[in-house]
Amino acid sequence: MTRIRILKVLLPFKRFINTLLMITEEENLLMWWESLDKIWKDIFSIQIRINTTILKIKVSANEELNQKEKILVEIDDDFEKNNSELKKIALKNLIKTEKIIIGRPSEFILQNLIPLSAMKNLKNIRFNNCQINDLKSLENQENLKKIEFHNVKISNNSTSVFSNLKNIEIRFEKVIFI
């Protein structure tokens with residue numbers, strides 16, 4: 001068999017494998033979402049709304065959007081009301097987020113930050129009004145440049161993470177180590 005014939009046979013197979021991988025990635029995102037507790041779902045739902053609002057502003061400013069961005073504009077503010085296809089697109093967009101604010105008007109507790117591990121592009125994280133019991137997973141954020149803690153309680157068991165975070169700007173305002 002000639003090389004060209006082999007390539008012609010393998011090309012459809014390669015497309016099939018790539019399609020399977022994409023489906024698997026999307027299904028993994030949905031499983032990741034379903035595994036989150038209510039606090040993390042609320043945090044990420046807010047970020048999805050922020051991302052959608054930014055796109056709506058672009059539309060009102062007559063900026064061109066790509067096909068996925070046009071779909072994201074249609075995301076319902078109540079994320080759980082969206083169908084699985086819209087959720088997949090929104091979650092793919094979410095995990096590409098570079099900056100996130102994790103906070104609520106009243107204090108809440110984050111046992112750990114493992115859900116942030118899915119967000120490989122994070123450069124800036126701001127924590128507001130929370131207690132964080134385990135910061136360890138921040139060490140895996142390779143693109144992280146800045147972390148801000150505002151009105152936050154941090155477990156003393158987690159403070160060793162700060163010495164492991166290199167070349168990252170860390171700001172504290174009203175932080176208590178417990």
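## Leucine 110 and the core around it

Leucine 110 touches Ile39, Trp40, Ile43, Ile102, Phe127, Cys130, Gln131, Ile132 and Asn133, when residues up to four places away in sequence are not counted. The model in which these contacts are found is a predicted one. Leucine 110 also belongs to the largest nonpolar core, a group of 45 residues, where it is listed with Phe44, Ile102, Leu116, Phe127 and Phe149 among the residues with the most contacts inside that core. Many parts of the chain contribute to this core, since at least two residues each are supplied by helix 1 (3–35), helix 2, helix 4, strand 1 (99–102), strand 2 (108–110), strand 3 (124–132), strand 4 (146–154) and helix 5 (161–164). In soluble globular proteins, nonpolar side chains tend to be buried together.

**The chain as a whole**

The secondary structure comes to five helices and five strands, and a reader who follows the sequence meets them in the pattern α-α-α-α-β-β-β-β-α-β. Of the 178 residues in the chain, 39% are buried. The accessible surface of the chain comes to about 11100 Å², and 54% of this surface belongs to carbon and sulfur atoms. Among the contacts between residues at least 6 apart in sequence, 44% join residues that are at least 24 apart.

**Where helix 2 meets helix 4**

Helix 2 (residues 38–60) and helix 4 (residues 84–94) have axes that come within 10 Å and cross at roughly 90°. Because an angle of 65 to 115 degrees counts as roughly perpendicular, the two helices are described as roughly perpendicular to each other. On the side of helix 2 the contact is made by Phe44, Gln47, Ile48 and Asn51, and on the side of helix 4 by Ala90, Leu91, Asn93 and Leu94. Sorted by class, this contact has five nonpolar residues, three polar residues and no charged residues.

Helix 4 is mostly covered, with eight of its 11 residues buried. The buried residues of helix 4 are Leu86, Lys87, Lys88, Ile89, Ala90, Leu91, Lys92 and Leu94, a list in which lysines appear beside nonpolar residues.

Is glutamine 47, which is found in helix 2, buried or exposed? Glutamine 47 has a relative accessibility of 5%, and because buried means under 20%, glutamine 47 counts as buried. Leaving out residues up to four places away in sequence, glutamine 47 touches Leu94, Thr97, Lys99, Ile100 and Ile101.

**Two residues in loops**

Leucine 116, one of the core residues named above, lies in the loop between strand 2 and strand 3. With 1% relative accessibility, leucine 116 counts as buried. Apart from its neighbours within four places in sequence, leucine 116 is in contact with Trp40, Phe44, Ile102, Leu122, Ile125, Phe127 and Gln141.

Isoleucine 95 is found in the loop between helix 4 and strand 1, and with a relative accessible area of 18% isoleucine 95 is buried. Its contacts, again leaving aside neighbours within four places in sequence, are with Leu29, Ala118, Met119, Lys120 and Asn121.

**Strands 4 and 5**

Isoleucine 170 has its place in strand 5 and is partly exposed, with a relative accessible area of 25%. Beyond its neighbours within four places in sequence, isoleucine 170 is in contact with Ile147, Phe149, Phe162 and Leu165.

Which residue of strand 4 has a positive phi although it is not a glycine? Asparagine 151, found in strand 4, has a phi of about 55°, and at 38% relative accessibility asparagine 151 counts as partly exposed. Lysine 174 also has a positive phi of about 55° without being a glycine. Lysine 174 is found in strand 5 (residues 169–177), and its 65% relative accessibility makes lysine 174 count as exposed.

**Pairs separated along the chain**

The table gives C-alpha separations for three pairs of residues discussed in part above.

| Pair | Places apart along the chain | C-alpha separation |
|---|---|---|
| Leucine 116 and isoleucine 100 | 16 residues | 9.8 Å |
| Isoleucine 170 and glutamate 148 | 22 residues | 5.9 Å |
| Isoleucine 95 and leucine 122 | 27 residues | 8.5 Å |

Note on methods. Residues are numbered from 1 along each chain as its sequence is written. This is a predicted model: local features need pLDDT of at least 70, side-chain atom pairs count only at pLDDT 80 or more; totals for chains, interfaces and linings use all residues. Side-chain values use heavy atoms; hydrogens and water are left out. Axes are lines fitted to C-alpha atoms, for helices over the stretch in contact, and angles run from 0 to 180 degrees between N-to-C directions. Helices (H or I, at least four residues) and strands (E, at least two) are DSSP runs, numbered from the N terminus. Angles under 35 degrees count as roughly parallel, over 145 as roughly antiparallel, 65 to 115 as roughly perpendicular and the rest as oblique. Contact means heavy atoms within 4.5 Å. Ala, Val, Leu, Ile, Met, Phe, Trp, Tyr, Cys and Pro count as nonpolar, Asp, Glu, Lys and Arg as charged, and the others, Gly among them, as polar. A nonpolar core is a set of buried Ala, Val, Leu, Ile, Met, Phe, Trp, Tyr and Cys residues joined through side-chain atoms within 4.5 Å. Buried means under 20% relative accessible area, exposed over 50%, partly exposed in between (1.4 Å probe, protein chains only). Accessible areas come from the Shrake-Rupley method with a 1.4 Å probe; for residues, only the protein chains shown count as cover.
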